[in-house]
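Trainee: Could you pick one part of this structure and take me through it closely? I'd like to see how the details around it connect.

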Amino acid sequence: MVAAGGGLAVFCAVLHVAVAQRLRARVLETRVRELTRDVDGLHVEVEAARAELDTMRIRLDDMPDAEKLSSELKVLGGLLRQLSEKKEAAVGKVLAAPDSRAGTGAEIKHATAPAVVLGEAQLLEAVERGLREEKVELYLQPVVSLPQRRRRFYECFSRIVTEGGRLIMPEQYIPVAERAGLVAAIDNLLLVRCVQLVRRARRDQPDVGFFCNISSESLADADFFQDFIAFMAENRQLAETLIFEFDQASIAVGDYVSRVNLQRLRGFGYRFSLDQVTDMDLDLEDLASQGFRYIKVGAHMLHELARGDDPILDMRALKGALDRNAMDLIVEKIESEDMLLDMLELRVDFGQGYLFGEPRPLAGSR
């Protein structure tokens, strides 16, 4: 009887322990679930905080620091004053002369956006306002590696936008600007605006290079170029992706000051491209010593020189010379598959043209 009572006591004790352990397990399971929810919530908060930090970092990266901003404002302020002063005098001259196109408002068809024809006085006003109010849009055209057709670079084109959202094309404003003596001022402002926009564009495509044109007027403008070099020195991180493009005629007649300016830009790590090539008798060694790494040649010209039974240009020799000087050939204005096949037989490195993509606006460039 005593043994039975003792056994019952032991059973009750074991049962009590089992129930207690079960209750403790349930409490622990509940606590674990609560902790899991808390951890999940913290994970969500951490991810949100990380995303916010990334957004802030992008914004901060896009904002020049005080020293860079001072340099940038100095360049832009001087250029805008120069443009405004010259424009006022130019508009006065234009208004005194008859202009059969004034006020026509007729549109010019364009591949990607409508352009508008303005009279000379209206055009100068629109250009000055567009530059002052940062109504500049960046258009990008791809440059692809061949034969893969992989996008490796973009060429940059600046377009000025009117208050009504119409585009002012270079073929419209350049003749007027030339007559008014405003080409250098407009080119210089567009160049700085282009660099500003590339600084943002490269964030989304860090492995892609951007070709940005520097006109002969900008290159010859000694006062501007000094400030521009200082501006680029403050933005030397762009040297990894920004390639400055010069036409062959400007480089061929370049004076000592121009060569020194190129040398200074090169010293900050920037590379150059030779554009609008019309003479293939190139001193590649000299060009390479100046910082040129790319040569751009039109597809039609290259076909005329390098194809046929008795070609004028020896492509194998040209490619060998380019390779020895660490330079690449870009063939532009490739518009059809037949033209591409013709170029592929010449073993060109890169191609550009409407076959691979027309100039398109960079989203949010204004």
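Mentor: Let's start from a charged side chain and work our way to a pocket. In this predicted model, Glu-358 counts as buried, because its relative accessibility is 18% and the cut-off for buried is under 20%. Its side chain meets that of Arg-360 in a salt bridge, at 3.5 Å from N to O. Arg-360, in contrast to its buried partner, is partly exposed, with a relative accessible area of 49%. Elsewhere, salt bridges that share partners join Glu-155, Glu-245 and Lys-296 into one network. Keep Glu-155 in mind, since that residue leads us to the part I'd like to show you.

Glu-155 is among the residues nearest the centre of the largest pocket, together with Cys-156, Phe-157, Asn-213 and Gln-276. The pocket holds about 910 Å³ of space, and 36 residues line it. By type, the lining divides into 14 nonpolar, 11 polar and 11 charged residues. Several elements each give at least two residues to this lining: strands 4 (150-161), 6 (209-213) and 7 (242-247), along with helices 4 (170-180), 5 (183-204) and 6 (216-220).

Helix 5 deserves a moment of its own. Of its 22 residues, 19 are buried, so the helix is mostly covered. Its length also works out: at 1.5 Å a residue the helix should span 32 Å, and the C-alpha atoms at its ends are indeed 32 Å apart.

Now back to the residues nearest the pocket centre. Cys-156 is buried, with a relative accessible area of 7%. Its sulfur is 4.2 Å from the closest cysteine sulfur, which belongs to Cys-194, and that is too far for a bond. Cys-212 is in no disulfide either: the nearest cysteine sulfur, again that of Cys-194, is 3.0 Å away, whereas the cut-off for a disulfide is within 2.5 Å. Cys-212 counts as buried too, at 2% relative accessibility. Searching the whole structure turns up 0 disulfides.

Gln-276 gives us another view of the pocket centre. This residue is exposed, with a relative accessible area of 52%, although it is listed among those nearest the centre. Its place is in the loop between strand 8 (271-275) and helix 10. Its backbone is worth checking on your display: phi is positive, at about 50°, and the residue is not a glycine.

You'll find another positive phi in the loop between strand 3 and strand 4, where Arg-149 sits. Arg-149 has phi near 65°, again in a residue other than glycine, and counts as partly exposed at 36% relative accessibility. Pro-147 is found in that loop as well, between strand 3 (136-145) and strand 4. The peptide bond that leads from Leu-146 into Pro-147 is cis, with omega near 5°. Strand 4, at the end of this loop, brings us back to the pocket, as it supplies at least two lining residues.

Helix 10, at the far end of the Gln-276 loop, takes us back to charged pairs. Arg-259 forms a salt bridge with Asp-286, their closest N and O atoms being 3.2 Å apart. This pair links distant parts of the chain, with Arg-259 in helix 9 (residues 256-267) and Asp-286 in helix 10 (residues 284-290), 27 residues apart. Both partners count as partly exposed, Arg-259 at 39% relative accessibility and Asp-286 at 27%.

Lys-135 and Glu-133 make another salt bridge, with 3.5 Å between the closest N and O atoms. Lys-135 is partly exposed, with a relative accessible area of 24%, and Glu-133 is partly exposed too, at 37%. For the structure as a whole, the count comes to 9 salt bridges.

One last contact in space: Glu-120, in helix 3 (residues 120-132), counts as buried at 14% relative accessibility. Its C-alpha is 9.4 Å from that of Gln-172, although the two are 52 residues apart in sequence. If you want a single place to begin on your screen, go to Glu-155: this residue belongs to the salt-bridge network with Glu-245 and Lys-296, and lies among the residues nearest the centre of the largest pocket.

Conventions: Residues are numbered from 1 along each chain as its sequence is written. This is a predicted model: local features need pLDDT of at least 70, side-chain atom pairs count only at pLDDT 80 or more; totals for chains, interfaces and linings use all residues. Side-chain values use heavy atoms; hydrogens and water are left out. On a 1 Å grid over the protein atoms alone, a cavity is a set of points where a 1.4 Å probe fits but cannot get out, and a pocket is an open set with protein on both sides within 12 Å along at least five of seven lines; lining residues have an atom within 4 Å of a point. Grid points are joined across faces, edges and corners, and a volume is the space filled by probe spheres set on the points. Helices (H or I, at least four residues) and strands (E, at least two) are DSSP runs, numbered from the N terminus. Ala, Val, Leu, Ile, Met, Phe, Trp, Tyr, Cys and Pro count as nonpolar, Asp, Glu, Lys and Arg as charged, and the others, Gly among them, as polar. The expected span of a helix is 1.5 Å times one less than its number of residues. Buried means under 20% relative accessible area, exposed over 50%, partly exposed in between (1.4 Å probe, protein chains only). A salt bridge is a side-chain nitrogen of Lys or Arg within 4 Å of a carboxyl oxygen of Asp or Glu.
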